[in-house]
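These are my notes from going through one model, strand by strand and then helix by helix. I kept each entry short.

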Amino acid sequence: MAWLQLFRLEFRAILSDFSVAFTIFGGIVAYSFLYPLPYSNQVPREQHTVIVNEDGSQLSRKLERMLDATPEVKVVKRVHTIAEARTMLLSGEAGGILVIPSDFYRDLLLGKSPVLGYAGNASYFLIYSTVVEGMAKAAGTLGAEVKVLNHILSGDALPRAEKQYSPLQLNVKPVFNTTMGYVNYVVPAVFVLILHQTLLMAVGELGSHQNHSKKRSEGYWLQIPIWRLLIVRVLTFGGIYALGALYYFGFAFEFYDITRLASPLELWGLIIPFILSVIALGIVLGQLIRRPEILSLLVLLSSLILAFSAGFIWPLSSVPPLLVWLTNLVPSTPAIQSFLMLNQMGADFSQILPQYSLLWLQTIGYGGLAYWLLNRRDIEDA
């Protein structure tokens with residue numbers, strides 16, 4: 001059988017299998033828009049907040065105005081009791097509550113530190129952290145003004161009063177995520193995981209379907225040497241996902257204005273072993289798992305574990321060592337780590353050699369296992 005004919009049959013097998021074709025083409029395109037959509041505004045802003053002002057003083061009303069002026073919070077209502085505020089929070093009308101105690105102004109005059117009450121809906125941790133950040137920022141600014149004013153009233157000049165309040169000035173400059181947004185933080189790593197999971201499912205499902213085809217004995221995959229089948233499958237899926245990688249790391253990164261620091265040559269040097277290792281693992285899973293729906297479910301359920309064990313959401317030092325070791329057997333883990341270091345952090349290629357070498361070891365290891373499983377299948381069928 002000629003090589004060109006083999007490639008045609010392989011493409012036809014991919015396109016004629018709805019689940020495989022949809023996983024590849026629908027999954028890559030759909031996820032590129034659906035996943036970043038919740039993070040399109042980068043960080044949450046103007047979260048609705050209700051205030052319970054039990055003090056009623058001029059200074060407490062100033063705190064209300066300062067809170068409303070922060071970009072994180074928008075004051076939507078002022079109520080008289082905590083019970084009313086709690087009802088609004090539970091109903092979803094507000095995302096946070098600020099309680100100003102009745103002795104707020106008196107404590108400030110006496111030089112005491114009044115206690116402000118913050119509350120928020122912690123079911124949505126991004127909203128909760130934003131609300132608390134806005135409240136803390138407003139309260140901190142007002143506290144600084146009061147302390148500086150007390151120093152001035154004590155006879156200190158304004159420059160000296162400012163230095164006495166805060167002798168150290170913090171100048172924060174984000175290095176890798178300059179916008180401090182969630183798109184630059186989450187999406188680059190998740191794009192690698194999407195490519196990994198969709199390719200793994202597609203290759204595995206195709207192999208599993210062919211193992212249970214009603215016309216299995218007539219299949220082209222049984223009529224050619226195993227090494228030819230592996231070459232055709234690797235080149236076919238590799239070509240498709242090379243275009244997918246171009247789409248993600250090219251158009252999608254440009255569309256979402258995501259930082260790119262690696263050169264095209266460095267990226268391709270990393271993409272090649274990544275795609276090869278995933279295809280090899282997909283062939284292995286397709287031989288070991290005979291029901292395609294079980295394979296798809298297994299891959300989908302593993303996504304969350306792989307994401308949290310890759311080190312970009314949760315620090316690896318807080319992940320159980322056994323789980324870290326197990327997830328390093330999957331190509332997505334070294335791929336995500338090396339892609340982030342190379343493309344988002346500007347690392348030199350020599351700094352990702354451990355992950356890069358691991359991808360090639362996985363390619364060789366899973367490739368050899370795939371050849372052995374296919375050979376055993378042919379022996380059993382003989």
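I began with strand β3 and checked its two faces. Gly96, Leu98 and Ile100 lie on one side and Ile97 and Val99 on the other, and all are buried, so both faces are covered. In a regular strand the side chains alternate between the two faces of the sheet. The strand runs over residues 96–100, and because five of its five residues are buried, I noted it as largely enclosed by the rest of the structure. I also noted that the model is a predicted one.

Next I looked up what β3 pairs with. Strand β1 (residues 47–53) pairs with β3 in the parallel sense over five bridges. Within this pairing I found Ile51 opposite Leu98 of β3. Strand β4 (residues 117–120) pairs with β3 in the antiparallel sense, over four bridges. Here Gly96 stands opposite Gly120 in β4.

I then turned to helix α13, residues 332–344. Twelve of its 13 residues are buried, so I recorded the helix as largely enclosed by the rest of the structure. Among the buried residues of α13 are Ser332, Pro334, Ile336, Phe339, Leu340 and Gln344. Just after α13 I came to Gly346, which has a positive phi of about 70°.

My last entry concerns Asp257. Where does Asp257 sit? I found Asp257 in the loop between α9 (226–255) and α10 (264–288). Its phi is positive, about 55°, although Asp257 is not a glycine. Most residues other than glycine have a negative phi. Is Asp257 buried or exposed? Asp257 counts as exposed because its relative accessibility is 63%, and the cut-off for exposed is over 50%.

Key
Residues numbered from 1 in each chain as written. Predicted model: local features only at pLDDT ≥ 70, side-chain atom pairs only at ≥ 80, totals over all residues. Heavy atoms only, no water. Buried < 20%, exposed > 50% of the residue type's maximum accessible area, 1.4 Å probe, protein only. Pairing = 2+ DSSP bridges.
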